[in-house]
Amino acid sequence: MWSNGPLEHSSHFSGIRRRTMLFGLSLSQSFRILEMAFCALALIIPMFRGPMSSPYGIWCEFVWVFGLIVAVVVFVIEKCLVDKVIELLVLKHSWNDLSCGLNLLSSLMLLSACLIYCTIFVCATCIADIICAIASILAFGVYVVDTVMLKLKCPAGYLSNVQGILRFSQAFVACLIFTAVYSYFKGVEKWFRPVGLIWCILVYVVCFLPTVVVIPSHLQKCVDLLRCCNLNKLELVLDVVAVALYVSAAILWPVFGYKNYKRDSKTLDYRFHDLNLVTILTYVNLGLYLADLIWTLIVLCKKR
C-alpha cells in the first residue's frame, strides 16, 4: 500500500491535535480541571463533618485549598492568554518556570497531605475518609504528571531548578514544622514553656520569613525589593545564619523536648509523635539550608 504523502501526515497530526484538544482545551488545561475537581472533592468531604480541630487536619485542608487555588488561577490566566502579558511585564523568567514551580510546590504539599491524612484519619470503616484520601492521591498524581510535562518545556528558570526548589522546600518543611509544633503544644501551652523549645520556635520563624521574601525577589522584575544589594551575597549571609540557627535548634529541640516529656498516658502518645516529627524535620531543613549554602557558594565562585 502506498501512502498519500503529506496528506496522510497532515491527517495524522490533525488527529493528534483533536485528541489533545478536547472541548477546546489543551492537555495542560485538562490537567488543571482534573486538579480542581480532585482537590475540591478532597476538601468538601471533611467539611460536611464540621471544622477540623486537629492541626494536621487543618494542614490537609489548607493544602487542598492551595492546590485548588493554584489550578484555578493558572487555568484562568492561561485561558485568557494573560500569561504572555505577565511574562513580559512582571516575570524575570518564563511563565512556564512559575507554573512549573507552583506545580512542584503543590505536588510536595499534596504528598504530605496524602501521607498525613491516610496515617491519622483513614480507617477500615471510614468510607468518607477513604474517598477523601483517594481524591487527594489522584490530585497528587495529576499534579506530578503536569509538573513533569511543564519541566520538559522549561529547562531553565528559578523555581523549576535547584536553587528555587531548595528555597520553597525550606519554606514547605518549615510549615510542616509549625504544624507539628502547634500540635505538640496544643492543650499544654499555658504551663509548658521550656526555654530551649521556645528558642527553637523563634529559630523556625526567623529563618522562615527571609526565605519567603527571597523567593519573590527572584521572580518579579517590576519592583526589586533587594535592588540595593547583591542578591546572591545576601542569600549567602542568610544561609550562614540559617545553618547556625538550625544547628542550635537541632541540638536544643531533642534535648529539651525528650527531657521534659513524660510518656505516662496513652492519651498523650500523639505528643511523642509530634516531638519525633519536629526533630526529624529540623534535621531535614538543616540539610536543605546547608545544601543551599553550598549551591550559593558554587554560584558565586563561578561568577568570579
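# A guided tour of a ten-helix chain

Start with the whole chain shown as a surface: its accessible area is about 16500 Å², and carbon and sulfur atoms account for 75% of that. What you have open is a predicted model. Of the 304 residues in the protein chain, 44% are buried.

**Switch to cartoon.** You will find 10 helices and 0 strands, so that the pattern along the sequence reads α-α-α-α-α-α-α-α-α-α. Among contacts with a separation of 6 or more, 80% join residues 24 or more positions apart.

**Colour by confidence.** The chain averages a pLDDT of 84, and 84% of its residues score at least 70. Where is confidence lowest, and where is it highest? Helix H1 (residues 6-20) is at the bottom with a mean of 43, while H3 is at the top with 94. Select residues 1-20 as well: the pLDDT is below 50 there, and this stretch has 4 contacts in the model beyond near neighbours in sequence.

**Select the core.** The largest nonpolar core holds 70 residues. Show Trp 64, Tyr 117, Ile 177, Tyr 204, Tyr 246 and Trp 253 as sticks, since these have the most contacts inside it. Many helices take part: H2 (27-47), H3 (55-79), H5 (95-120), H6 (127-153), H7 (162-185), H8 (195-219), H9 (231-260) and H10 (269-303) each supply at least two residues of this core.

**Zoom in on Ile 177.** Which residues does Ile 177 touch, leaving out those up to four places away in sequence? Look for Tyr 204, Tyr 246, Val 278, Leu 281, Thr 282 and Asn 285.

**Move on to the rings.** The whole structure contains 12 aromatic pairs. Pick out Trp 59 and Phe 172, a tilted pair with 6.4 Å from centre to centre and 45° between the planes. The two partners come from distant parts of the chain, with Trp 59 in helix H3 and Phe 172 in helix H7, 113 residues apart. Are these rings buried or exposed? Trp 59 counts as buried because its relative accessibility is 6%, and Phe 172 counts as buried because its value is 10%.

**Finish at the aromatic cluster.** Select Tyr 184, Phe 185, Tyr 204, Tyr 246, Trp 253 and Tyr 289, which together form one cluster. You have already met Tyr 204 and Tyr 246 as residues touched by Ile 177. For a last stop, add Arg 271: its charged end sits over the ring of Tyr 184, 4.4 Å from the ring's centre.

Key. Residues numbered from 1 in each chain as written. Predicted model: local features only at pLDDT ≥ 70, side-chain atom pairs only at ≥ 80, totals over all residues. Heavy atoms only, no water. Core = buried A, V, L, I, M, F, W, Y, C linked by side-chain atoms within 4.5 Å. Buried < 20%, exposed > 50% of the residue type's maximum accessible area, 1.4 Å probe, protein only. Helix = DSSP H or I, 4+ residues; strand = E, 2+ residues; numbered from the N terminus. Contact = heavy atoms within 4.5 Å. pLDDT = per-residue confidence, 0-100. Phe/Tyr/Trp six-rings, centres within 6.5 Å; stacked < 30°, edge-to-face > 60°. Lys NZ or Arg CZ within 6 Å of the ring centre and 35° of its normal. Areas by Shrake-Rupley, 256 points an atom, 1.4 Å probe, with all protein chains shown as cover.
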